[in-house]
Amino acid sequence: MKKDVLGFLKIKRQANVYRDILERIKDNKDVLILKKEEDTKNQACRCMDCGTPFCHSSCPLGNIIPEWNELIWADRFQEAFKFLHSTNVLPEVTGRICPALCEASCVLGINDDPITIRDNELFIVEKAFSDNFIKANPPKIRIHKRVAVIGSGPAGISTAYFLNQKGYEVTIFEKDENIGGILRYGIPDFKLEKYILERRIKILKDEGIIFKTKVNVGIDYKVEDLNKNFDAICIAIGSKVPRDIKIKGRELDGIHFAMDFLINANKSVSGEKIKETKITAKDKNVVVIGGGDTGADCVGVCIRQGAKSVTQIEIMPKPPKERPLNMPWPKYPTILRTSSSHQEGGKRYWEVSTKEFIGENGKLKALKCEKVKFGLNKDVHGKLLMNIVQNSEFEIAADLAILAMGFTNPEKTGLLENLSVEIDSRGNIKACDSDFKTNVDGVFACGDARRGASLIVWALFEGKSVADNINEYLKSKK
Ligand SMILES: Cc1cc2nc3c(=O)[nH]c(=O)nc-3n(C[C@H](O)[C@H](O)[C@H](O)COP(=O)(O)OP(=O)(O)OC[C@H]3O[C@@H](n4cnc5c(N)ncnc54)[C@H](O)[C@@H]3O)c2cc1C
Ligand code: SF4
């Protein structure tokens with residue numbers, strides 16, 4: 001059947017939906033319900049195959065989106081998958097939890113709802129798994145040069161995949177028990193079930209990538225051995241030093257960093273032994289400080305663990321519901337985002353600052369907060385200043401406070417110190433974004449450790465780009 005080129009005028013956007021709230025909060029399974037093939041084809045038919053596809057240029061990976069949409073419509077799923085996989089080694093992850101920068105710049109979005117690009121991506125890759133046309137594809141020729149990739153998050157996986165495809169002998173070192181970085185221990189199962197990682201890791205192993213877990217490089221494995229055993233090194237260790245809040249009462253029992261809480265939650269869902277301090281939200285009044293993705297994930301976990309109440313507070317103003325005038329198409333706008341976790345319960349407050357943690361017998365009992373206002377005045381650089389609203393103090397009962405205010409930089413002790421890698425003014429690894437080289441010959445860096453805490457799609461892009469640069473470097477060393 002011929003594609004209806006006027007599909008975008010006739011078919012309305014139909015995005016993947018979530019499972020019923022009352023059902024999904026009782027388990028940790030994926031909240032998403034995938035669309036059926038016929039519905040996905042209809043959604044692909046909305047694509048206008050633009051002469052200048054802004055979706056393609058706004059995706060950091062340069063995903064070849066109009067082509068997949070055309071191939072979905074034509075029932076040519078194997079070819080669609082080939083296009084998808086040529087730029088992205090983890091479409092099963094981005095298809096679920098990427099914020100879809102592409103959709104914000106879809107041309108149809110100017111005067112209608114954009115194409116369901118992310119859902120289409122997910123459909124293609126899940127079809128590749130269910131119909132068995134994704135297979136291990138080891139390189140035909142091996143180049144006998146060895147590369148060490150340190151860190152097994154999306155940046156490390158992407159680096160290793162593209163280098164291995166070029167024929168290099170690649171070893172990924174990971175200090176945790178299991179592969180995946182934040183995908184494994186940060187993001188909860190209801191957003192990303194762990195079988196999705198296992199399925200991919202098996203393929204990568206079959207393609208020849210060596211994984212060494214429980215090895216903290218720089219401490220358990222000396223940098224002298226790295227230099228001796230490998231021709232190039234890529235540092236992809238992420239950025240996990242959490243931003244703290246140094247106010248009265250910070251030492252009280254019951255105040256934890258978000259990643260510590262999420263590591264606990266992920267390990268308890270997968271049945272992995274928890275070596276860290278045990279943290280649970282069960283029967284507690286919880287306050288999550290920080291209104292971003294990490295905070296939202298904590299809200300969803302608290303609800304599933306049976307918290308008495310969950311409140312998320314954010315110091316910045318509530319974003320607008322619609323694209324504001326100063327962020328016109330095709331920009332990715334700052335708008336109010338309501339995640340599946342927010343739909344499930346809890347309260348959200350904006351323009352709230354935490355003044356003090358109040359305790360009793362060493363244990364957290366409440367947060368003393370006050371209201372703040374932005375926009376009344378600006379600093380010399382034009383940045384909006386924060387003003388405290390007089391007499392606006394209030395308390396929120398809390399036996400557990402989760403600090404989800406972002407991350408400042410990668411861990412310096414161990415690997416970075418011992419490799420003598422230069423650090424930039426923001427505390428990240430200094431490596432230029434054109435060649436990803438550090439100041440040390442043969443040592444490259446990518447992902448959150450280089451660019452600062454960011455997104456999976458950027459980590460994947462940096463991994464792909466660093467692989468090209470390592471290839472050039474090793475070729476020049478012949
Ligand atoms: C809770 C949470 C939720 C998020 N949700 C989303 C989302 O929905 N969508 C999105 O796009 N982004 C999301 N992000 C951001 C995204 O997860 C990160 O940008 C991405 O994981 C960065 O990838 P990376 O490979 O650079 O680092 P990481 O994923 O942090 O991986 C780094 C790895 O290096 C290992 N390592 C560190 N030091 C050593 C060493 N010395 N030796 C060996 N191994 C070492 C670490 O153990 C870790 O496994 C989220 C982040 C968090 C914290
Ligand atoms: S911008 Fe939107 S409509 Fe145009 S090619 Fe990309 S997905 Fe299709």
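In these legends, two residues are in contact when heavy atoms of theirs lie within 4.5 Å. Keep in mind that the model shown here is predicted.

**Figure 1. Helix H6 meets helix H9.** Let's start with a pair of helices. When two helices pack, we describe them by the angle between their axes and the distance between those axes. Here, H6 covers residues 77-87 and H9 covers residues 117-130. Their axes come within 9 Å and cross at roughly 110°. That angle falls between 65 and 115 degrees, so H6 is roughly perpendicular to H9. The crossing itself is left-handed. Which residues of H6 meet H9? Look for Phe77, Ala80, Phe81 and Leu84. Across from them, H9 brings in Glu121, Phe123, Ile124, Val125, Lys127 and Ala128. Sort the residues of this contact by class and you get eight nonpolar, no polar and two charged.

**Figure 2. Helix H14 packs against helix H15.** Now for another helix pair: H14 spans residues 258-270, and H15 spans residues 293-305. Their axes sit 10 Å apart, at an angle of about 45°. Angles under 35 degrees would count as roughly parallel, and 65 to 115 as roughly perpendicular, so H14 and H15 are oblique to each other. As for handedness, H14 and H15 make a left-handed crossing. On the H14 side, the contact uses Ala258, Phe261, Leu262 and Ala265. H15 adds Thr294, Asp297, Cys298, Val301, Cys302 and Gln305. By class, the contact of H14 with H15 has seven nonpolar residues, two polar and one charged.

**Figure 3. The surroundings of ligand 1.** How many residues are around ligand 1? There are 35, and the ones that come nearest are Ile97, Ala155, Glu174, Lys191 and Asp448. Zoom in and you can pick out some polar contacts with the protein backbone. A polar backbone atom of Ile97 is 2.9 Å from a nitrogen atom of ligand 1. For Pro154, a polar backbone atom is 3.3 Å from an oxygen atom of the ligand. Ser454 has a backbone N or O atom that lies 3.1 Å from an oxygen atom of ligand 1.

**Figure 4. The shell around ligand 2.** What kinds of residues make up this shell? By class, 10 are nonpolar, one is polar and none is charged. Several cysteines are on the list, namely Cys47, Cys50, Cys55 and Cys106. You'll also find Met48, Pro53, Pro66, Val107, Ile115 and Ile117 around ligand 2. Asn69 is part of the shell too, and Asn counts as polar.

Technical notes: Residues numbered from 1 in each chain as written. Chains lettered and ligands numbered in written order. Predicted model: local features only at pLDDT ≥ 70, side-chain atom pairs only at ≥ 80, totals over all residues. Heavy atoms only, no water. Axes fitted to C-alpha atoms, helices over the stretch in contact; angles between N-to-C directions. Helix = DSSP H or I, 4+ residues; strand = E, 2+ residues; numbered from the N terminus. Parallel < 35°, antiparallel > 145°, perpendicular 65-115°, else oblique. Left-handed = near helix turned anticlockwise from the far one by under 90°. Near = heavy atom within 4 Å. Polar contact = N/O pair within 3.5 Å; in protein donor to acceptor, adjacent residues only side chain to side chain.
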